[in-house]
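Reader: I have a structure open and would like to know how its labels were earned. Could you take me through the reasoning?

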Amino acid sequence: MKDRYVIGIDLGGTKISGAVANFKGDIISQYTLPTKAEEGEKAVLERIIKVVEKVINESNVDKEKIVSIGIGSPGPLDAKEGKIITTANLPFKDFNIVNPLVEQFHIPAYLDNDANVAAIGEYIFGAGKGTNNMIFITVSTGIGGGAILNGKIYRGNTYNALEIGHMTLDEKGPRCNCGNYGCAEALASGTAIGKIATEQVKKGFKSSLGNYDQITSYEVFKEAEKGDILAKDVLYKALNYLGICVANMITSFDPELVIIGGGVSKGGSIVFEKVKEVVKTRCLKAMWESTKIVPAALGTDAGVKGAIALAIMESK
Ligand SMILES: [Zn+2]
C-alpha cells in the first residue's frame, strides 16, 4: 500500500468535497466547491472535475500513484453502472457520473450511496475498525444502512441491500414516502419523530411542545429530557421501533457490531439504552450478548472519509 493514493469525493446537495489521501486515510489535500445544483448536470459535473483537478495538483502526488476514485452520493443510484438515477437535491437524472471521470483522469472510479459509503468509512477508519462483520444504520431525516460482511460491503443483487428505512415494522403504520405503510422511516426517523409529535399536539394533547411554532426531533429530545410526558411517549415509541429494526438486523446478520449514526444517534444515552433494551428482549441471547451497539465515530468529515474508504476498498 506504500506510495499508493486514492481520491474521495463527497457529492451533496449543497457542496462537493474532494480529497487525496493515502491508504491510511491521511488527507494530503482537500478542496470544496458549492454544488449549485440549480445550474444543471453539466455545470455540476464540471465542478466535480475541477475539485478533482485541484486536489491532485495541490497534493503534489504523482498522478500515476493515484489508484482509484470513490464517490459517495445520495441515492437512488445504479452503483453497478455508475449512474445517479435521481436525487432530491441534485440535478442528475439517469446520469452516469463515473464514465466522465474515468475519461478525464484515467483512474478507475466507483460510485456508492451515502449509507454504504458511511458504513465503509466506519469500517476502515471509525468505530468498526478491526471488525469483520458489522452493520451501520443512519437515522436522520431518513433511515439507511450498510452491511460489511466478511470484510466486504454487501450490496445485494440490485445494489439496494440494507434499504432498511423501508423495512415494514408495523403493517398498519403511517404511510411512508415510498408508498408503503409502516416503514421504519415513517416510524423512527428524525422526520417521523417531529411529525408524530406535531400531530399529537394538534390533537390537543397537553405538552410543552405546544410552545413551539415548529416541532422537529430536536425539540422532542429536548422536552423529553426535561420530563414532558408527550415528548417522552413519542420518543420512546420511535426508539422502540428503531430497536426492533436493530434487532432484526442482528437476527439476520449476526454481526459483531452495530453502529448507529445520523442526527438521532446524537440524542445520546437515551437512544442507546432504549435500543439495547429492545434488542435484549427480541434477539436470541447468544446474539445480543455478543453484539456491541455503539455510536458512529466519524464526525464532520464522514462523507469524504467514507468516499476515501470506498476507493481503498475497491482498489484492494
Ligand atoms: Zn418506505
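Author: Happily! Let's begin with a term: contact means heavy atoms within 4.5 Å. By that cut-off, 11 residues of domain 1 are in contact with 13 residues of domain 2. Please keep in mind that this is a predicted model.

Reader: Where do domain 1 and domain 2 lie along the chain?

Author: The domain assignment gives 5-121 + 300-315 for domain 1 and 130-295 for domain 2. Their C-alpha centres are 28 Å apart.

Reader: What makes the arrangement around the zinc ion tetrahedral?

Author: Four donors count as tetrahedral if all angles lie between 85 and 135 degrees. Here the 4 donor atoms subtend angles of 106 to 123 degrees, so the arrangement is called tetrahedral.

Reader: Which atoms are the protein donors of the zinc ion, and how do you know that they qualify?

Author: They are ND1 of His 166 and the SG atoms of Cys 176, Cys 178 and Cys 183, at 2.0 to 2.4 Å from the ion. A donor has to be an N, O or S atom within 2.8 Å of the metal, so these atoms qualify. Along the chain, the donors follow the spacing H-x9-C-x1-C-x4-C. His 166 and Cys 176 both lie in the loop between strand 11 (152-153) and helix 4 (184-188), so this pair ties together parts that are 10 residues apart in sequence.

Reader: Why is His 166 called partly exposed, and why does Cys 176 count as buried?

Author: Buried means under 20% relative accessible area and exposed means over 50%, with partly exposed in between. His 166 has 32% relative accessibility, so it counts as partly exposed. Cys 176 has 6%, so it counts as buried.

Reader: How do you know that the span of helix 1 is close to the expected one?

Author: The expected span is 1.5 Å times one less than the number of residues. Helix 1 (residues 41-59) has 19 residues and reaches 27 Å from its first C-alpha to its last, close to the expected 27 Å. Its buried residues include Leu 45, Ile 48 and Val 52. Among the elements that the buried residues of helix 1 pack against are strand 1, strand 4 and helix 2 (98-105).

Reader: What makes strand 4 a partner of strand 1?

Author: Two strands pair if DSSP finds at least two bridges between them. Strand 1 (residues 5-11) and strand 4 run parallel and are joined by 6 bridges, so they pair. Ile 7 stands opposite Ile 69 in strand 4. Strand 4 also pairs with strand 8 (residues 109-113) in the parallel sense, over 5 bridges.

Key:
Residues numbered from 1 in each chain as written. Predicted model: local features only at pLDDT ≥ 70, side-chain atom pairs only at ≥ 80, totals over all residues. Heavy atoms only, no water. Helix = DSSP H or I, 4+ residues; strand = E, 2+ residues; numbered from the N terminus. Donors = N, O, S within 2.8 Å, 3.2 Å for Na, K, Ca; no water. Tetrahedral: all angles 85-135°; square planar, octahedral: opposite > 155°, others 65-115°. Buried < 20%, exposed > 50% of the residue type's maximum accessible area, 1.4 Å probe, protein only. Domains from an automatic or database assignment.
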